[in-house]
Amino acid sequence: MPIIMWLFIVPFIASFAILALPSKVKPFIKLFAFLLSLIPLIILMINHFQLKDMSINYPWIPSFSIGFFLKIDFLSLIFLYLTALIIPMSILAVNRKELAHTPLFFSLILMIQGLLLGFFMARDLVVFTIFWEAMLLPLYFIINIWGSGNRQQAALKFLVYMIAGSVLMLAAILFLYFTAEGSNGSGTFNLDTLQHIAATAPNAQWVFLIFLLAFAVKTPLFPFHAWLPDAYCHAPTSGTILLSAILSKAGIYGFFRISLELYPQLLKEWSPALLTLAIIGVFYGGLAAWMQNDFKRLIAYSSFSHVNFILAGLFVWQEPAQAGAILQSINHAITITALFLVAGWLESRVQTTSMNQISGLAKYMPKLCWLTLFFVTVSIALPGTNNFVGELMILFGLFGQNPWVAATLGLSIIFSVIYMLRFMQCTYFGVPSSFQSKWIDIGAKELLISTPLVFMILWIGIYPGPFLDAINQIISLAHGEPS
Amino acid sequence: MKLTLQLSDLFAISPLLILLISALVLLLIESFVSHQAKKYSAWLSLAAIIFAMFAAITAPASENILLTSWLEFDPLARFFTVLFLSIGFVSVCLASSFFEHFDAPTHGEYYFLLLSALSGLLLIGSSADFLTLFLGIETLSVSLYILCGYMKNWRFSSEASLKYFLMSSLATAFLVYGIALIYGAAGTTKFSALLPAYQKINTLSTQTLFLSGAALVTLGLAFKAAIVPFHIWAPDVYDGAPTPVTAFMAVGTKIGAFAAFVRVFMQALHGFNPIWNEGIALLAYPTLIYANFVALRQSQLRRFFAYSGISHAGFLLIPLAADMSGGTTEAIPSLLFYLVVYSLATFGAFAVLAYLDKRSQGVVLFDLYGLFHRSPLQAGILTVCILTLAGIPPTAGFFAKLFIFKVAFQAGYHALVVVGLLTTIISAFYYLRIISVMFSEKSNEKEVYDYSIPAIFVGVASAAAIAAISIYPQPLLSLLLTIGK
């Protein structure tokens, strides 16, 4: 079997293997799940140099001319690495003692991994759509079964929003299918073929709009974010990480994949409107984060703000800005994983997410405090960290097009400083609240877990060269095409 | 021309004969040794159905004019026969698990009626003449009137039975009247002669006669399929009937009605007049919209499945509307694919309901609270089936919808596609609410439920079949594409 197929199928095998484990090994199940989730990363690393342009195309449903067509290009590769890295982190974020039905939980996470890997490689629009929607189901169950508070409602809201956003995608891909039939004589869902005909087809703007709507809900772009606060807050920590770090990237990947390949011209034309929405989103997220008294909600809104920052970079039709947007997707995934990880550790210790009830924790949990502070400074894009590079590139690109807009967007960084430092101020500094015995500072285990994240942050922050090389190739490919 | 029936001809119709004979045998056993009948009736019916299934697969097609003028022996007929027999098999399983919880004075009669209804379905699926079609529909309906009220001491059940009888006989009257008008205009009741006869009609009055007949036949069948605005009976009847009967109606009657549609309008009168297609499309809109909105408010699950069934009937109307002359060739396969997926998912769901069914009022949403913690297997089966009904990828329900929308696109019904997709948002909401309830912690009953083997078998088999179709739908698709040609 080709490597690419292994890459896709291993998480599913792992997912069933976890369910089938005998009860004797239950204590080690987290370790097992973690090791199994590392396999895709290992496959990616071992075959790193052969992966580019690798593809498989099996006839899956020939009656509909649907092929199981997976292909890896640079854009996929970046998101594949991201998935392979973040999923193990999210497994490590699980506090196993709090969970009932643990095997099912890990099995679902591994299933998400497989679906995401498939999604990032899919080149057939039906396969793309199937993975796009199927990845929601495991997340729905994770929120629904293991969430907190009003979790059922949050999960239902999440899934119904997602389905509402992407339900018309089915009509859009059928439309493309018949467009291809009209111009080539045979219908196809193959992106390689559609690339040449989609943009010139009649009603292209409607089809593009449907795709944009789906991606906008999932990412989410302002004002399609109504599902976000509840879902982020009521999900268990690892679920929140999956939502913020990976699911939003699926949306961003969708934006890149469909708009750069099928409709570059339309994206260029609609750039002002989309850019406006994204910038409103950045500020809305920032202001909302400022107003929160719940640190999980605060981080959720900061994530929303940052994701819209990425989209702003994408919607500027400028090479550096789009390169920055791709880089920033990696950065955001790493940073938000780190933030939710430390927030989860904090939550499991103080048993609350309200910032009103806690203060001055630095005295009792110094290590957690300094680790959080490090990730917070990363989030506010201090020079030397990865976010600085990405945001600078986006602003740089935007500046070339419209300095005033760039200056406005630049202000948002001040917002992020304000709300993030307010979070630090409220929880860790200030007058210490009375100590409780269950507050134990993080130990070597937690520090070890956060090491890869710190490493990635500093690597991209100090030496982003290798990443930028890969990204520039994607961008120049997209821009080099006659459009 | 042979004018006597050979042995091979009898073999060709053996599925029907086997069902009828075993139904009569069941009745005899019931009359003479009724205490034995309670124990063995279900097994006997299962054996008969399996035997009939075997016969249906192996039987040669008859070419005897005595049979072919009444019955079709094409691959489609064989497919319908196998499908209906499977439905019968599942219905017997569900009924036997129902009788584990509820005691009726006799069990033998129940299976007699079920097998009779089944033979009616078989007749519909292979009918080649309006008369056989009508015979099939009536055999099915009359058996169902009694089955609906089978639990005599259930108040709602008797009400449902009477309601169904009154409304359904009215619809039957329309159907017969329609057939009569068509006969008056075309001079034949044979399906194969209908289209040529229609095309030969040259006076406006005769054409009007024919079209009125077609409209009345459509009305009669739409009633049986529970299509808005002819659906009023369905919620009450589904609600009041015993759960296995509801399951049989939700799947068997619905598929029977659509099989009749396929035989009359998609094959015999294929694309005879675009007005008919327009009319069907006009029925599809209200069916999709109304049923989905009303389903939002249901908490009694038999009633809920009535509305869910109506909304699926709306989807099934789409290929009917799209089946125009010179249009798509995939209308029948898409309809059949949807029917198969729908029946698997509905039966799977009813198998889980059979497990929870403890009162005559049936299962309400509240009974599902915490089902996942009580029985992960049941919750898993119900989840798979519900997701399939909602048509969420990667389940087979998604492919079924994709196929139907593709056909609609080909026929140019873009608005129907958009309305269909938008109503799936609403349906996603009410289907997912069921799943949410199952996974909640609150368990209102501590009682330990005992598994019923036949129901569990049905549930697991349905879920497994759905999984198989979801992962690799191609074999079923290519089979249906060859059948529907």
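**From a helix end in chain B to the chain contact**

Just after helix α10 of chain B, Ala226(B) takes a positive phi of about 55°. The model is predicted.

Step back into the helix itself. α10(B) covers residues 204–224, 21 residues in total. From first C-alpha to last it reaches 30 Å, close to the 30 Å expected at 1.5 Å a residue. Many of its residues are buried, including Phe210(B), Leu211(B), Leu216(B), Val217(B) and Phe223(B). Lys224(B) is buried too, as are Gly213(B) and Gly220(B). What do the buried residues of α10(B) pack against? Their partners in chain B are α7 (130–148), α8 (155–186), α9, α12 and α13 (274–295).

Two of those partners also meet each other. The axes of α9(B), residues 191–200, and α12(B), residues 243–268, come within 9 Å and cross at roughly 40°. Angles from 35 up to 65 degrees fall outside the parallel and perpendicular ranges, so α9(B) is oblique to α12(B). The crossing is right-handed. On the α9(B) side, Phe191(B), Ser192(B), Leu194(B) and Leu195(B) take part. They meet Arg263(B), Val264(B), Gln267(B) and Ala268(B) of α12(B). The residues of this contact divide into five nonpolar, two polar and one charged.

Now the contact between the chains. It takes 23 residues from chain A and 25 residues from chain B. On the chain A side, the elements giving two or more residues are α5 (125–134), α6 (136–146), α7 (151–166) and α8 (169–184). Which of the elements gives the most? That is α7(A), with seven residues. This side of chain A divides into 18 nonpolar residues, four polar and one charged.

Methods:
Residues are numbered from 1 along each chain as its sequence is written. Chains are lettered from A and ligands numbered from 1 in the order in which they are written. This is a predicted model: local features need pLDDT of at least 70, side-chain atom pairs count only at pLDDT 80 or more; totals for chains, interfaces and linings use all residues. Two residues are in contact if their C-beta atoms, placed from the backbone, lie within 7 Å. Helices (H or I, at least four residues) and strands (E, at least two) are DSSP runs, numbered from the N terminus. Ala, Val, Leu, Ile, Met, Phe, Trp, Tyr, Cys and Pro count as nonpolar, Asp, Glu, Lys and Arg as charged, and the others, Gly among them, as polar. Axes are lines fitted to C-alpha atoms, for helices over the stretch in contact, and angles run from 0 to 180 degrees between N-to-C directions. Angles under 35 degrees count as roughly parallel, over 145 as roughly antiparallel, 65 to 115 as roughly perpendicular and the rest as oblique. A crossing is left-handed if the near helix is turned anticlockwise from the far one by less than a right angle, and right-handed if clockwise. The expected span of a helix is 1.5 Å times one less than its number of residues. A residue is buried if 20 or more other C-beta atoms lie within 10 Å of its own, exposed if 12 or fewer, and partly exposed in between; C-beta atoms are placed from the backbone.
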